[in-house]
Amino acid sequence: IDVFLARSLLEKLYLFQYPIRPASMTYDDVTHLSAKIKPKQQKVELEMAIDTLNPNYCRSKGEQIALNVDGTCTDETSTYSSKLMDKQTFCSSQAASNVSRYAVAVYKKGELHLTPLHGILQLRPSFTYLDKADAKHREREAANEGGDSSQDEAEDDVKQITVRFSRPETEQARQRRVQSYEFLQKRQAEEHWVHLHYYGLKDSRSEHERQYLFSQGHGLAENTELIKSPSEYLMMLMPPSIEEENDKPVAPSNVLSMAQLRTLPLADQIKILMKNVKVMPFANLMSLLGSGTDSTAVLRCIQQVAMLVQGNWVVKSDVLYPKDTSSPHSGVPAEVLCRGRDFVMWKFTQDRWVVRKEVAAVTKLCPEDVKDFLEHMSVARINKGWEFMLPYDEDFVKKHPDIVQRQHMLWMGIQAKLEKVYNILKEHLTPKKQEAQSAHPLLVSGEQRVNMAKAKVKQNYGQLEKAFQKQKAEMKSNDTSAKMDVSNIRIKEEPVSDEEPMDTLAYEGMNNGIVNGLHAEEDSADSLNGHLPGGCIDRVAQELKAFVSSTFKKQFVLTLSELKRLFNLHLASLPPGHTLFSGISDKMLQDMVLDTGCKQILVPFPPQTAASPDELKVYALWEAGDTYDQHRQVLLEIFSKNYRVRRNVIQNQLSQECGEDLNKQEVDRVLKVSLYSIVGWIQL
C-alpha cells in the first residue's frame, strides 16, 4: 500500500470526541446552533439542539430546568427562550498533551493518505446554567429580605473606610502571583472567543474541505520524508512515548541495580561501588565488576577514587565530601572534613586500633563527624577503641608491590601535610613497623629486661670492647687504673637502692622503636639498668644535666610525666651505645632537676582529680635570666596556693608585686611563656 502525507490541513485539523448519545440519535439528528473557540488554549464551546419531540425526552423536567434558570420573565438574556430546555452546551478539554504521533488516515483506491492532527479535544456537557439558576435564586432571596426593611433605613449610614496604598511588588512576589491558579484563570478568561460557523456533514463546503485530506501531489520530491527505510519510517510514525517512560517507578537516588551499574563506564562503576561500600578488598571489587573485566584497568581506576589501607581499598575523602559541601552535623566545610578523615585513614595505616578521643583532640571536629569517619572504615570494640573492619590483605600486597609502593609514597605526602596542618610532633607521625601493626602493646618484665641485656652483651662482645676502649681514651685514664675485662661488667639483678625505676611504658608508642628505654632494633652495646665503669658516672650526670637544663630553658614549667616523655624522645634520637642508656631512675631525674636550679611547685590539686602522681608533680625553673623571671616567680607563688585562679586576680597580683600596670595582652603573654606546659592541669 502506498502511503502519502497530506499537508493541506497541517496545524488545522482537530479531532472532536463527543459523549455517547442515545441510539435513537444519529449525526443527522444533531443540530449545531453555535460554535466558538479560543485558539491559544485550544478550547471549544458548542451549542447543540436537543430533540424535544423524542419519546425519551422528559418535557416536565425540561420546563422545570428552564424555569429555575430564567424565572417567569422572558427577555433577550434568557437562556431558554422557549421556556423549555431545548439545547445543551459542550465544553472541550485536551485529551492528550502530545498529539504529534496521531494522524487521520483516508484509504482510497489502494492509497493511504495521512494528515497529522493538531489537537484532540474531548467534549463534555457544561452545566453553567445551574450556576445561573443559583444566582437567580440568591437575587430573589436578597430582594425579599430588602423588601421587609422600613423606608426609614432606605438611605445607607455613613461608614468610615480605610484607604491602603499598595507597596511596590518585588520580583519574587510577582513570580508567585504569575504562577498562581487565580492569575492563570484570569488570563484564560481574558482571551476572546472566536465565533465559528458550523457546516453539516452533507454540506458542499464540508465536501470541499474533505478533499484536503488527500495528498495534492504524488511526486516523490514532495514527499521526501517518506524516502526512508522501513524502520526509520516506523520510528517517525510511532516515536517512543515519553509518557510511558515517565510512568516507570523511579528508584531512590542512592539505589542502583547491578544491571544498570554495568551499563556505565568502568571508572563510574568503581566510583559508585566505592562510594557506597567505602571499604573493600580488591578481590571483592573484581567479583562485583563481573567476569572478563581487566584487572589492570581496574587498578588504574581504583587509585583515582580510593587509597590503600592495610591492603584494602578505602574511598577517598573528596569523593564522599565534594567541594562546596558541608557537614550535616556541624556545618564544617568539606575541606576541613577531608583533612580530618585523611588523618583517621592515616592512623589506620599505622595501627589496627584508633581511639576516638585522640582523633577529636587532633582534628578539633565535633564528635558526630569523628564518629562518621570511624564508622566508614572500622568497628567499635568495648574498652578497646575502634578496630579496622577488614583483615590485612597480604595476598594483594604480595601480588602488587608496585601499587603498594606508590600508595606508600602518597601516604608520605599526606603525612607531611597533616604534620603542618595539625602541628603534630614528627615523632608522633613516625610510621611504626609493619609487624607492630597487628601486635598488641609490648610489656617487658624486669627479668626479661635482664635477659635481654645479657644477650645483647654476648652478641655484641666486640663492639662493647671497642666502645670501652674509646671511653678510656677520652677520659685520659692513667696507668694506675686497673685493666678491665668485659667479663667485669655485671648485670644488676635487683636495684641496689630504693630509687623508683622510671616508668616509660606509657610512651612506648612514641619512642620510635624503644621498649623501656632499650633500642630493640639496633645492635648496640647498651647496658640496661646496669653499672658503668667508674669515670662514666660523671659523664652520665653531665649528659643528664645538659638535657634537663636545655629542656627547662625551652619550657619553664613541666610536670614529671611530661619531663619523662621528653626524656624518652631524647633517648630515641641518640645513637646506640650512648652513656644515657645506662638506666636513669625517677629519683635521679628529679634530683638532677633540683640541682639545675629548678624548684618543685606544690600545686594544691583537688583530691578527686584523675591525674596520675607523675602528673601532679610540677617543677619550674626559678631563674632563667630573662625579663620574665620576676613575673614567673609571682605566678608560681600564686599557683602554689590555689590550682584555679581568675585572670583578674593574676593581673592585680602582678601589678602589685612588679610595680607595672600590665594590660590583658601582656598578662596573656606572661602566662603563655611561663605556664605553657601545664596549662592543661592549672586552670585559669
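**View A. Who sits around isoleucine 270 in this predicted model.** Skipping its neighbours within four places in sequence, isoleucine 270 is in contact with Leu285, Leu289, Val298, Cys301, Ile302 and Val305. Ile270 also turns up, along with Met274, Ile302 and Trp313, among the residues with the most contacts inside the largest nonpolar core. That core counts 51 residues. Helix 13 (residues 334-350) is its top contributor, putting in 8 residues.

**View B. A second core, separate from the one around Ile270.** This one has 32 residues. Look for Phe556, Leu571, Ile601 and Val603, which are included in it.

**View C. A three-stranded open sheet.** The strand order here is 1-7-6, and the pairing is mixed. Strand 1 (2-5) and strand 6 (103-108) are the edge strands, each pairing on one side only. Going from one strand to the next, the twist averages 25°. Strand 7 (residues 111-116) runs parallel to strand 1, and 4 bridges join the two. For a handy landmark, pick out leucine 5: its bridge partner in strand 7 is leucine 114.

**View D. Histidine 113, up close in strand 7.** Is this histidine 113 buried or exposed? Histidine 113 is buried, because its relative accessible area is 3%, under the 20% cut-off for that label. The histidine 113 side chain makes a polar contact with the side chain of glutamate 111, at 3.1 Å.

**View E. Helix 25 (residues 629-639), largely enclosed.** Why call this helix enclosed by the rest of the structure? Because 8 of its 11 residues are buried. The buried residues of helix 25 are a mixed bunch to browse: Val634, Leu635, Leu636, Ile638 and Phe639 are among them, and so are Asp629, His631 and Arg632.

**View F. Where to be careful with the prediction.** Across the protein chain the pLDDT averages 75, and 74% of the residues score at least 70. Over residues 244-248, though, the pLDDT is below 50, and beyond near neighbours in sequence this stretch has 1 contact in the model. Residues 676-684 also stay under 50 in pLDDT. For residues 676-684, the model has 24 contacts beyond four places in sequence.

Key: Residues numbered from 1 in each chain as written. Predicted model: local features only at pLDDT ≥ 70, side-chain atom pairs only at ≥ 80, totals over all residues. Heavy atoms only, no water. pLDDT = per-residue confidence, 0-100. Contact = heavy atoms within 4.5 Å. Pairing = 2+ DSSP bridges. Helix = DSSP H or I, 4+ residues; strand = E, 2+ residues; numbered from the N terminus. Axes fitted to C-alpha atoms, helices over the stretch in contact; angles between N-to-C directions. Core = buried A, V, L, I, M, F, W, Y, C linked by side-chain atoms within 4.5 Å. Buried < 20%, exposed > 50% of the residue type's maximum accessible area, 1.4 Å probe, protein only. Polar contact = N/O pair within 3.5 Å; in protein donor to acceptor, adjacent residues only side chain to side chain.
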